[in-house]
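Work through the exercises below with the sequence and the coordinates open beside you. Each task is followed by a solution that proceeds step by step.

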Amino acid sequence: MIFSRVVGTGSFLPGTPVTNEDLVARGIDTSHKWIVERTGICARYLAEPSQTSSELALAASLAALNAAGLQANDIDLVIVATSTPDFVFPSTATLLQAKLGMDNGAAAFDVQAVCSGFVYALAVADKFIHSGSHRRALVVGAEVFSRILDWKDRSTCVLFGDGAGAVILEACGTPGILATALHADGRYNEILSVPGNVCGGAVIGSPFVQMEGQAVFKFAVKVLDDVAQEVLLAAGIDAAALDWLIPHQANMRIIQATARRLGVPMANVVTTVAEHGNTSAASVPLALDAAVRDGRIRPGQTLLLEGVGGGFTWGAALLRF
Ligand code: UT7
């Protein structure tokens with residue numbers, strides 16, 4: 001039996017932190033108190049206009065390759081999860097592949113599952129490796145969400161940030177990834193969306209994030225609990241045995257509610273939402289890499305990664321690091 005395991009992680013955040021106070025100074029009708037009480041967010045990173053998702057992905061990927069002791073051409077599958085691709089096409093994954101100097105004909109494609117994107121991409125890569133068709137995958141979550149924010153809409157623009165995180169998954173004889181579960185319910189597509197497209201050279205609809213915050217909040221807490229229980233059951237592991245819970249970093253209150261429902265102490269939850277804001281598909285691999293690099297996550301530990309986002313989509317991956 002072929003399994004997959006993580007052999008390297010990396011991440012990248014553009015520029016310097018932009019604090020809640022900085023947003024107030026830029027004229028947004030908000031306050032540090034409101035943002036931190038409702039979301040736990042203190043700062044986020046915002047890309048320069050010239051920085052694209054593939055560029056952030058490149059920096060994160062190089063860090064992950066370096067951590068794994070691999071070269072780009074050792075990879076035979078590149079998957080990028082993003083809702084803010086560089087172009088309509090080609091995919092951000094192929095742009096990343098070119099930037100990495102890859103010329104080995106590796107498969108490369110994007111996954112679009114908004115804030116669940118990284119968990120979706122990880123599950124897809126695991127299945128490719130499990131099938132025996134591919135041996136080493138570069139899985140990236142990369143976003144420049146600041147491009148799709150209406151900076152006059154205080155109910156959304158204070159929540160998000162830019163960044164990228166990457167992992168290398170490699171075939172091995174023992175798991176690695178213990179269980180994954182992916183779900184979606186398209187009936188809820190309107191509660192979180194960017195309902196626009198490009199047609200005849202013009203944007204039709206809205207090019208900005210629109211969100212029914214409270215509906216998203218309630219949905220997220222429920223499905224994050226459901227999908228966590230699903231992968232724990234599938235792997236025959238009790239939540240008490242988890243070393244680290246690494247949930248999507250949208251809102252500290254959602255994270256706390258998820259941990260409480262699972263019975264996981266906050267001391268075992270990796271949180272970066274205060275420092276990064278919500279970086280959509282990048283949030284889980286950014287949090288994972290932060291805790292790997294500061295030594296909290298160690299080889300042999302059991303991790304539960306969870307995503308939830310527009311679509312509505314949600315998913316989880318349980319793994320032994
Ligand atoms: O990846 C998934 C992404 N999304 C999420 O995870 C978001 C989930 N939802 C949430 O986190 C919360 O619903 C929010 C943080 C977005 C909003 O918190 P809330 O407690 O649901 O607030 P609300 O939308 O009910 O708004 C309460 C008040 C309103 O004022 P009034 O009508 O009560 O006078 C808003 O106008 O807060 C006001 N408000 C703000 N005030 C200061 C909304 N945004 C802001 C702001 N600063 N940035």
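## Exercise 1: a helix and its surroundings

In this predicted model, helix α7 (residues 213-235) consists of 23 residues, and the distance from its first C-alpha to its last is 33 Å, close to the 33 Å expected at 1.5 Å a residue.

Task: establish which residues of α7 are buried, and what covers them.

Solution. Begin with the accessible areas, where buried means under 20% relative accessible area. By that criterion the buried residues of α7 are V216, F219, A220, V221, V223, L224, D225, V227, A228, V231 and L232. An α-helix has 3.6 residues a turn, so residues three or four places apart point the same way. Next, look for the covering elements, which include the strands β8, β9 (192-193), β12 (210-211), β14 (302-309) and β15, together with helix α8 (252-262). Finally, inspect the residue just after α7, which is G236, with a positive phi of about 65 degrees.

## Exercise 2: a second helix

Task: compare the span of helix α3 (residues 53-68) with the expected value, and find what its buried residues pack against.

Solution. The 16 residues of α3 should span 22 Å at 1.5 Å a residue, and because the end C-alpha atoms are 22 Å apart, the two values agree. The buried residues of this helix are S53, S54, L56, A57, L58, A60, S61, A64 and L65. These buried residues pack against β1 (3-12), α4 (92-99), β6 (136-144) and β7 (162-172). After α3 comes G69, which has a positive phi near 70 degrees.

## Exercise 3: an open sheet

Task: work out the strand order of the sheet that contains β8 and β15, and say which strands stand at its edges.

Solution. The sheet is open and has 4 strands, in the order β8-β15-β14-β13, with mixed pairing. Since β8 (177-184) and β13 (244-247) each have a single partner strand, they stand at the edges, and one side of each is therefore left without a neighbour in the sheet. On average, neighbouring strands of this sheet are turned by 10 degrees against each other, direction ignored.

Now follow the pairing of β15 (residues 313-320), which runs antiparallel with β8 over 7 bridges. In this register A184 lies opposite T313, and H183 lies opposite W314. Strand β15 also pairs with β14 in the antiparallel sense, over 8 bridges, and here G307 is found opposite G315. The hairpin of β14 and β15 has 3 residues between the strands, and in it G311 takes a positive phi near 140 degrees. As a last step, consider burial: 7 of the 8 residues of β15 are buried, so this strand is largely enclosed by the rest of the structure.

## Exercise 4: cysteines

Task: explain why the search of the whole structure finds 0 disulfides, taking C42 and C157 as examples.

Solution. A disulfide requires a pair of cysteine sulfur atoms within 2.5 Å. For C42, the closest cysteine sulfur belongs to C157 and is 16 Å away, which is too far for a bond. For C157, the closest cysteine sulfur is that of C115, at 16 Å, again too far for a bond. The surroundings of these residues can be added: C42 is partly exposed, with a relative accessible area of 31%, whereas C157 is buried, with a relative accessible area of 0%.

## Exercise 5: domains

Task: state how the domain assignment divides the chain and how many residues each domain brings to the contact.

Solution. The assignment gives domain 1 (3-174) and domain 2 (178-320). Their centres, taken over C-alpha atoms, are separated by 14 Å, and the contact takes 49 residues from domain 1 and 43 residues from domain 2.

Technical notes
Residues numbered from 1 in each chain as written. Predicted model: local features only at pLDDT ≥ 70, side-chain atom pairs only at ≥ 80, totals over all residues. Heavy atoms only, no water. Buried < 20%, exposed > 50% of the residue type's maximum accessible area, 1.4 Å probe, protein only. Pairing = 2+ DSSP bridges. Helix = DSSP H or I, 4+ residues; strand = E, 2+ residues; numbered from the N terminus. Axes fitted to C-alpha atoms, helices over the stretch in contact; angles between N-to-C directions. Expected span 1.5 Å × (residues − 1). Contact = heavy atoms within 4.5 Å. Domains from an automatic or database assignment.
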